[in-house]
Amino acid sequence: MGFLRERMGKILAIVIGVALLGFIAEEVVRSGSSFFRGDANDIGEVNGEKIPYVKFSERLEQSTQQFKQQSGQNLTPQINSYIQETTWNQYLTELLLNKEIDRLGLIVGGDETTSMISGNNPDPQIQRQFVGADGQFDKAKLNQFLSYLQTPKADAKQIEAWGDFVKQLIAAKRQQKYMTLVTNGLYVNSLDAQDDYLAKNKLANFKYTVLDYASIPDANIKLTDADYSNYYNEHKPEFKNQQELRSFEYVSFNAAPSKDDTAAVKSQVDKLLVDFKATPNDSLFVQINSETKPQLVYQKKGQLEPKLDSVMFSADKGFIYGPYLSNGSFKIAKLIDSRVGPDSVKARHILLNPTTEGGLDKALAKADSLKKLIEGGRPFAELAKNFSIDKASGDKGGDLGTFGRGAMVPAFDDAVFSAPKGALKVVTTQFGVHLYQVEEQKGSSKVVKVAVVDKPLTASSKTQSAVYSKAQSFLTSLTNDNFDAQAKKANLPIKNAEDVSGTSASVLGLDNAREIVKWVFKSEKGAFSDQVFAVGDQYVIARVSAIKPKGILPLDAVKKQIEPAVRIQVKGKQLSDKFQSALNGASSIDQVAQKAGSKVTPLQNIVFANPVIPGSSAEYKVVGTVFGSQPNKLSKPIEGQQGVYVISLDSFTNPAQLTNNVREKQTLGQALSQRSQGQVLDALKDKANVKDNRAKFL
């Protein structure tokens, strides 16, 4: 029996292993990716170096939090997409630059690091962190901080944060050295300066005649496969796809609120109106009944939405406006108070963090203690420098400068604009506990405090269910080849989302299409979605219509895109042939125009650096031909942007001789240096082998 039990264990292990392998193989085939590639946890790869999702996610979280702190904006799908793209490009840049820097052996030595931190001229980033009351770099403050880090009392988190900061400084210095190597290798010689001077100052006087492409109706042009092939082969490098793009078609079922839904929300707001008039606590009523729960603050004219701005400044206290429909919500507004207040104030503050102080009560108690110290004669500026966690203002004695109403977060804004000049007050906001003082008040105008209760106009579950059922019914009717027919039968327009990247958050007609895009990048061409996607108030069913892989795209993938240009090229050949016939036997441009049925236009004082034909557009080929021509000689037909041209140069007007080219060389050198950094990064990215798997994760 023991033998059988032992053998049975091995048999079961083998059976389970085979079953698991089969399951994995099925997933690999279905998803089109390799389990054994080891990229399941990698969001990308640069020249063989993996980018773990965890590391990128940490960086993305840092970027997101930084954006929130700096902008104060809500994160929309579009903003999220922007932050993701920016963070990705920064990550790629670092990897590519660091590889080049390591290859060249560029380092920042110990003495150099010390000089960057505590030398006679520390790094600008350090100088910005340690500023005195005059706003200038304070070396004593820096030395005091560095000494503190060496003491047993030093906070471990501060030590770690400083270490990370120094690492960033060193990395930035290495990159700076690399870029300096590049820019120092650039040189503008005297011939470059001379050419640039002539391009900007040498004048050309010439005549031209043109046959516009529009003179041939599009309907008269029948494009052939050879026409497409010729254009494609001549412009092949232009069709390099930097990343995989996909297109999809979709139909949508509108689940917007019905008339009954609108009436139901309106009725709900009508009932609130009675209670809103009678409530003795407007702030509490708003917090309980309003969807957005705004803070009640005084606002000046122009800060309220237009419907309220036109009535509240002439209304009596307690006046109620509404219900009214605004921005997709039914609203009622009540005038709580009005007064005359300053237009701007100059204030200072000391900000305390309740978390590090041991709780809100302790932070408030500390603010009260600081208040008593100031009232007892201690300088506000001294305490701000020592205790405020807002280092930007703390280093300036707590000074926030002069600001207008609405510039600060609502709670703080309302407090400072309500406080008398010189009084010490305390207010709590989302940033912590503020001990503040208004130093100056400027101007005066009427302000109002308005309470607004809003209820969003949304579709009821009954409406959503009915529309979803229609979408689900459409989905179940689909087969591999009847999407168009079923859409036509249901009288649904088919909409297109073309050339979508794997990280796109929105597409034309769909503001938050992230889930659809993720599905599209996991599916094959021609596949339709196996679920109904809810996007805002729409239910969407999609079908993958095109896949453009990374690299040079084949002709079929760009045929539709290049059709207008191919048509122009064919027209150009026909018009060139017409001009060529007119040129035969002609000795002047007037004769050419007469034969071709066009007119002659004279132009004066055209410069090479600004190749614009007045009344038309930039014509690089035409103006380039002019500056390479001999006077009184007819050119061959030139296929330009607007049509086919023939030109005849009359004369050049040469500028004064360039005797000192120093300034021209400096100007060219600066422009070249500025462009070079971006071009270096573009070249490294173009040369690199980058695998982008973000579509799987984000």
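## Close-up views of a predicted model

**View 1. Phe56 and Trp88 are both buried.** The structure shown is a predicted model, and a search through the whole of it finds 20 aromatic pairs. Among them is the pair formed by Phe56 and Trp88, which is edge-to-face, with 5.8 Å from centre to centre and 75° between the planes. Phe56 belongs to helix α2 (residues 53–71) and Trp88 to helix α3 (residues 77–104), so this pair ties together parts that lie 32 residues apart in sequence.

**View 2. Trp519 and Phe533 form a tilted aromatic pair, because their planes stand at 55° with the ring centres 6.4 Å apart.** The tilted class covers planes that are neither under 30 degrees apart, which would be stacked, nor over 60, which would be edge-to-face. Trp519 is in helix α20 (residues 514–520), whereas Phe533 is in strand β15 (residues 533–535), so the pair ties together parts that are 14 residues apart in sequence. Trp519 counts as buried at 12% relative accessibility, and Phe533 is likewise buried, with a relative accessible area of 6%.

**View 3. Helices α6 and α7 pack at an angle of about 120°.** The axes of helix α6 (residues 139–149) and α7 are 10 Å apart, and the two helices are therefore oblique to each other. The crossing in which α6 passes α7 is left-handed. On the α6 side, Phe145, Leu146, Tyr148 and Leu149 take part in the contact, and they meet Gln158, Ile159 and Trp162 of α7. Sorted by residue class, this contact has six nonpolar residues, one polar residue and no charged residue. Several of the aromatic side chains in this region also belong to a wider grouping, since one aromatic cluster is formed by Phe130, Phe145, Tyr148, Trp162 and Phe165.

**View 4. Helix α3 crosses helix α7 (residues 156–184) at roughly 75°.** The axes of α3 and α7 come within 10 Å, and at this angle the two helices are therefore roughly perpendicular to each other. From α3, the residues Glu94, Leu97, Asn98, Glu100, Ile101, Asp102 and Leu104 enter the contact, where they meet Arg174, Gln175, Tyr178, Met179 and Leu181 of α7. The composition of this contact is mixed, with six nonpolar, two polar and four charged residues.

**View 5. Helices α10 and α11 cross at roughly 160°.** The axes of helix α10 (residues 259–278) and helix α11 (residues 282–289) come within 10 Å of each other at this crossing angle, which makes α10 roughly antiparallel to α11. The crossing of α10 and α11 is right-handed. Leu272, Asp275 and Phe276 are the residues of α10 that meet Asp282, Phe285 and Asn289 of α11, and the residues of this contact divide into three nonpolar, one polar and two charged.

**View 6. Glu61 is a residue of helix α2.** At 42% relative accessibility, Glu61 counts as partly exposed. The C-alpha atom of Glu61 is separated by 9.7 Å from that of Thr87, although the two residues are 26 apart along the chain.

**View 7. Lys293 and Asp499 have backbone angles set against a general background.** Most residues other than glycine have a negative phi, and most peptide bonds are trans. Lys293, which is not a glycine, nevertheless has a positive phi of about 50°, and this residue sits in the loop between α11 and β6 (298–300). With a relative accessible area of 37%, Lys293 is partly exposed. Asp499 is also not a glycine and has a positive phi of about 50°, but its place is in strand β14 (residues 495–501). At 36% relative accessibility, Asp499 counts as partly exposed.

**View 8. Gly322 and Pro323 are joined by a cis peptide bond.** The omega angle of this bond is about 5°, and Pro323, on one side of the bond, is found in strand β7 (residues 320–326).

Note on methods:
Residues are numbered from 1 along each chain as its sequence is written. This is a predicted model: local features need pLDDT of at least 70, side-chain atom pairs count only at pLDDT 80 or more; totals for chains, interfaces and linings use all residues. Side-chain values use heavy atoms; hydrogens and water are left out. Axes are lines fitted to C-alpha atoms, for helices over the stretch in contact, and angles run from 0 to 180 degrees between N-to-C directions. Helices (H or I, at least four residues) and strands (E, at least two) are DSSP runs, numbered from the N terminus. Angles under 35 degrees count as roughly parallel, over 145 as roughly antiparallel, 65 to 115 as roughly perpendicular and the rest as oblique. A crossing is left-handed if the near helix is turned anticlockwise from the far one by less than a right angle, and right-handed if clockwise. Contact means heavy atoms within 4.5 Å. Ala, Val, Leu, Ile, Met, Phe, Trp, Tyr, Cys and Pro count as nonpolar, Asp, Glu, Lys and Arg as charged, and the others, Gly among them, as polar. Rings of Phe, Tyr and Trp (its six-membered ring) pair if their centres lie within 6.5 Å; planes under 30 degrees apart count as stacked, over 60 as edge-to-face and the rest as tilted. Buried means under 20% relative accessible area, exposed over 50%, partly exposed in between (1.4 Å probe, protein chains only).
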